[in-house]
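Here is a walk through one protein chain, meant to be read with the coordinates open. The account goes from the overall fold to one helix and then to the surface.

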Amino acid sequence: LGIATYYFLKTETNLVQAVPILKWTPIVSVVIVYTGFSFGFGTVPYIQQGEILPAQSRSLGSGLLGLMDNVILFVATKTALTIAEAVGTSGAFYLYAGCALFSGVVAYFRMPETLGLSLEQIESMYRGKNKLKDESVKNRHRTSRSQSVVSFYDTVSQYGR
């Protein structure tokens with residue numbers, strides 16, 4: 001949104017020339033985008049693959065999701081100039097910002113919370129079972145915990161390491 005607004009103000013007004021500090025907007029925006037991508041939007045989907053995909057199809061599913069990610073990246077790269085020519089530079093950045101915001105909203109409302117759940121509980125949640133049939137599985141020590149960083153920290157900290 002910052003880069004889109006910068007290009008909009010640069011082409012439609014003289015505000016960028018009048019306020020010299022606005023010339024820093026693109027570099028600050030790029031740093032924010034890469035920082036946000038590194039801390040969540042870029043890494044969380046790969047972490048979630050190991051938790052959400054069923055055990056018997058985890059390797060195939062991860063490969064297909066990686067393939068789909070690279071195909072989408074290729075299409076986005078190849079169509080960026082065409083979109084910028086069609087709607088302008090600021091319009092292209094507004095479009096990409098809208099797609100990112102839409103993805104964030106969908107992820108917020110549709111991604112389940114898996115913190116502290118075993119892989120069996122996560123799998124049963126996706127199969128539509130609210131309760132595990134085998135209570136012994138529910139009450140036993142979790143041998144296959146969630147692989148998220150927070151779960152790892154909880155496991156390590158409970159042993160005093």
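The paragraphs below describe a predicted model.

The secondary structure of the protein consists of eight helices and zero strands. Along the sequence this reads as α-α-α-α-α-α-α-α. The protein has 161 residues, of which 19% count as buried. Among contacts with a separation of 6 or more, 52% join residues 24 or more positions apart.

Helix α5 covers residues 58–110, which is 53 residues. A straight helix would reach 78 Å at 1.5 Å a residue, but the end C-alpha atoms of α5 are only 20 Å apart. A bend of about 115° is found in α5 at V87. The buried residues of this helix are G61, G66, S90, G91, A92 and A97. Helix α1, residues 2–12, is included in what covers them.

Now turn to the outside. The protein exposes about 12000 Å², and 67% of that area is supplied by carbon and sulfur atoms. A nonpolar surface patch of about 770 Å² is formed by L15, V19, I21, W24, I27, V28, V31 and I32. Helix α3, residues 25–41, gives the most to the nonpolar patch, with four residues.

Is V28, one of the patch residues, buried, partly exposed or exposed? V28 lies in helix α3 and has a relative accessible area of 44%. Buried means under 20% and exposed means over 50%, so V28 counts as partly exposed.

Definitions and conventions: Residues are numbered from 1 along each chain as its sequence is written. This is a predicted model: local features need pLDDT of at least 70, side-chain atom pairs count only at pLDDT 80 or more; totals for chains, interfaces and linings use all residues. Side-chain values use heavy atoms; hydrogens and water are left out. Helices (H or I, at least four residues) and strands (E, at least two) are DSSP runs, numbered from the N terminus. The expected span of a helix is 1.5 Å times one less than its number of residues. The bend at a residue is the angle between axes fitted to the seven residues ending there and the seven starting there. Buried means under 20% relative accessible area, exposed over 50%, partly exposed in between (1.4 Å probe, protein chains only). Contact means heavy atoms within 4.5 Å. Patches are made of residues with over 30% relative accessible area and no salt bridge: like charges are joined within 9 Å, nonpolar side chains (Val, Leu, Ile, Met, Phe, Trp, Tyr) within 5 Å. Accessible areas come from the Shrake-Rupley method with a 1.4 Å probe; for residues, only the protein chains shown count as cover. A salt bridge is a side-chain nitrogen of Lys or Arg within 4 Å of a carboxyl oxygen of Asp or Glu.
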